[in-house]
Amino acid sequence: TAPADPNSTDDSAAAAPPNGVSPAVQAKENELLERLRGEGRVMVAFSGGVDSSYLAWAADKVAGYSAAV
């Protein structure tokens with residue numbers, strides 16, 4: 001087999017974190033949740049797409065049952 005290319009950007013050999021989420025993505029999610037908590041009350045316009053679904057999930061996670069969905 002050929003030696004690994006040191007200039008390659010292929011990260012497939014890197015081990016995935018135990019929860020499957022990279023630390024960078026986890027940090028962004030934590031920042032989003034903290035921003036939502038800081039807002040107090042928010043309204044999410046839900047289109048059914050991935051972006052608004054994720055934001056609705058995050059808002060529900062922060063607000064819990066005090067939110068109307």
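Colleague: Glad to look at this with you! Which residue follows H1, and is its phi positive or negative?

Modeller: Happy to help, and please keep in mind that this is a predicted model. The phi of the residue that follows H1 is positive, near 80 degrees. The residue in question is Gly-40.

Colleague: Thanks! How many helices and strands are in the chain?

Modeller: The chain has 69 residues, and 9% of them count as buried. Its accessible surface is about 6100 Å², with 56% belonging to carbon and sulfur atoms. As for the elements, the count is two helices and zero strands.

Colleague: What span does H1 reach from its first C-alpha to its last?

Modeller: H1 is made up of 17 residues. At 1.5 Å a residue, the expected span is 24 Å, and the model comes close to that. The span reached is 24 Å.

Colleague: Which residues of H1 are buried, and why do they line one face of the helix?

Modeller: Looking down the axis of H1, the buried residues fall within an arc of 60 degrees, so they line one face. Their cover includes helix H2 (50-63), while Pro-23, Lys-28, Arg-35 and Gly-38 are exposed on the other side of H1. The buried residues are Glu-29, Leu-33 and Leu-36.

Colleague: A buried Glu caught my eye. What is the nearest side chain of opposite charge to Glu-29?

Modeller: Side chains of opposite charge can pair when their charged atoms come close. A salt bridge here needs nitrogen and oxygen within 4 Å, and Glu-29 has none, with its nearest candidate 4.1 Å away. Beyond its sequence neighbours within four places, Glu-29 is in contact with Tyr-54, Trp-57 and Lys-61. The nearest side chain of opposite charge is Lys-61.

Colleague: So where is a salt bridge found, and which residue does Arg-37 pair with?

Modeller: By the rule used, the count is one salt bridge. Arg-37 is partly exposed, because its relative accessibility is 44%. Its partner also lies in helix H1, three residues apart, about one turn of the helix. With the closest N and O atoms 2.7 Å apart, that partner is Glu-34.

Colleague: One last one: is Leu-32 buried, partly exposed or exposed?

Modeller: Leu-32 sits in helix H1 and, neighbours within four places in sequence aside, is in contact with Tyr-54, Leu-55 and Ala-58. Val-62 is 30 residues from Leu-32 in sequence, yet their C-alpha atoms are 9.9 Å apart in space. Buried would require under 20% relative accessible area. Leu-32 has 23%, so it counts as partly exposed.

Notes:
Residues numbered from 1 in each chain as written. Predicted model: local features only at pLDDT ≥ 70, side-chain atom pairs only at ≥ 80, totals over all residues. Heavy atoms only, no water. Helix = DSSP H or I, 4+ residues; strand = E, 2+ residues; numbered from the N terminus. Buried < 20%, exposed > 50% of the residue type's maximum accessible area, 1.4 Å probe, protein only. Areas by Shrake-Rupley, 256 points an atom, 1.4 Å probe, with all protein chains shown as cover. Contact = heavy atoms within 4.5 Å. Lys, Arg positive; Asp, Glu negative; His and termini not counted. Expected span 1.5 Å × (residues − 1). Arc of directions from axis to C-beta.
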